[in-house]
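Subject: Model for your review

Dear colleague,

I am passing on the structure we spoke about, and I would be grateful if you could look through it alongside the notes below.

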Amino acid sequence: SLSRKEKAIVKTFMGKAMKKADEVGNEALSRLLTVYPQTKTYFAHWKDLSPGSPAVRKHGLTVLNGVFDAVDKIDNLEVALLSLSELHAFMLRVDPANFKLLCHNVLVTFAMLFPDDFTAEVHVAVDKYLALVCLALSEKYR
Ligand code: ZNH
């Protein structure tokens, strides 16, 4: 889990990154769909799944808002993300392995868009935070 110091690092970095939520979301989801094309199956009902398409940009923002909003509930992620976990497990039926793939792409995107802020120290803390978000989202699958 995250130390007090790591939580502070996550809050500071995410506070900055969330000002570009739209760009982060678009880049991360565009990369997910390109690098792991098997993830496209969940969005087959969209008109255009290409990188940067309106649907990808819109949903990228939705997902990233979920990641950013959870920062405020960093001490209680399982409870905070319970209904979202339920939604993905029972309604959307998203294989939880995909959460890790998305989080990996979010991390890559952070490194790319915030090269000065994304120090090794930030990398460790944010990587841990994203892993906890994935874990919390996987809660209802067990
Ligand atoms: Zn998800 C949806 C979040 C991951 C798939 N998502 C969603 C939403 C949100 C989210 C917030 C909205 C909901 C409502 O509406 O209510 N996700 C999220 C997060 C994450 C995720 C936070 C991580 C981190 N997802 C994911 C993945 C996938 C998905 C990985 C696959 C691949 N989602 C999904 C879908 C949906 C969602 C399919 C639905 C969409 C539409 O509507 O179209």
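What follows is an account of the ligand shell, the nonpolar core, two of the helices and a few single residues. Please keep in mind throughout that this is a predicted model.

I begin with the ligand. There are 19 residues around the ligand, and among these Thr39, Tyr42, Gly66, Asn98 and Leu102 come nearest. The elements that contribute two or more residues to this shell are helix 3 (54-69), helix 5 (82-92), helix 6 (97-113) and helix 7 (120-137), and helix 3 gives the most, with five residues. By residue type, the shell around the ligand consists of 13 nonpolar and six polar residues, with no charged ones.

The nonpolar core comes next. In soluble globular proteins, nonpolar side chains tend to be buried together. In this model the largest nonpolar core has 30 residues, of which Val126 and Val133 touch the most other members. At least two residues of this core come from each of helix 1 (4-17), helix 2 (21-35), helix 3, helix 6 and helix 7, and helix 7 gives the most, with nine residues. If neighbours within four places in sequence are left aside, Val126 is in contact with Val10, Phe13, Leu107 and Phe110.

Cys134 also has its place in helix 7. With 20 other C-beta atoms within 10 Å, Cys134 is buried, the threshold for that class being 20 or more. Not counting residues up to four places away in sequence, Cys134 touches Phe99, Lys100 and Cys103, and its C-alpha atom is 9.7 Å from that of Leu101, although Cys134 and Leu101 are 33 residues apart in sequence.

Turning to helix 1, the 14 residues should span 20 Å at 1.5 Å a residue, and the end C-alpha atoms are indeed 20 Å apart, so the expected and modelled values agree. The buried residues of helix 1 are Ile9, Val10, Phe13, Met14 and Ala17; seen down the helix axis, the buried residues fall within an arc of 120°, and therefore line one face of helix 1. An α-helix has 3.6 residues a turn, so residues three or four places apart point the same way. The face of helix 1 turned away from the buried side carries the exposed residues Arg4, Lys5, Ala8, Gly15 and Lys16, while the cover over the buried residues includes helix 2, helix 3, helix 6 and helix 7.

For helix 2, the 15 residues should span 21 Å at 1.5 Å a residue, which agrees with the 21 Å that separates the end C-alpha atoms. The buried residues of helix 2 are Val24, Gly25, Asn26, Glu27, Ala28, Leu29, Ser30, Arg31, Leu32 and Leu33, and what covers them includes helix 1, helix 3 and helix 6.

Finally, two exposed residues may be worth a look. Phe90, found in helix 5, is exposed, with 10 other C-beta atoms within 10 Å, and the C-alpha atoms of Phe90 and Thr34, which are 56 residues apart along the chain, are separated by 26 Å. Arg93 lies in the loop between helix 5 and helix 6 and is likewise exposed, with 8 other C-beta atoms within 10 Å. Most residues other than glycine have a negative phi. Phi of Arg93, however, is near 50°, a positive value in a residue other than glycine.

With best wishes

Technical notes. Residues are numbered from 1 along each chain as its sequence is written. This is a predicted model: local features need pLDDT of at least 70, side-chain atom pairs count only at pLDDT 80 or more; totals for chains, interfaces and linings use all residues. A residue is near a molecule or strand if its C-beta atom, placed from the backbone, lies within 6 Å of it. Helices (H or I, at least four residues) and strands (E, at least two) are DSSP runs, numbered from the N terminus. Ala, Val, Leu, Ile, Met, Phe, Trp, Tyr, Cys and Pro count as nonpolar, Asp, Glu, Lys and Arg as charged, and the others, Gly among them, as polar. A nonpolar core is a set of buried Ala, Val, Leu, Ile, Met, Phe, Trp, Tyr and Cys residues joined through C-beta atoms within 7 Å. A residue is buried if 20 or more other C-beta atoms lie within 10 Å of its own, exposed if 12 or fewer, and partly exposed in between; C-beta atoms are placed from the backbone. Two residues are in contact if their C-beta atoms, placed from the backbone, lie within 7 Å. The expected span of a helix is 1.5 Å times one less than its number of residues. The arc is that of the directions from the helix axis to the C-beta atoms.
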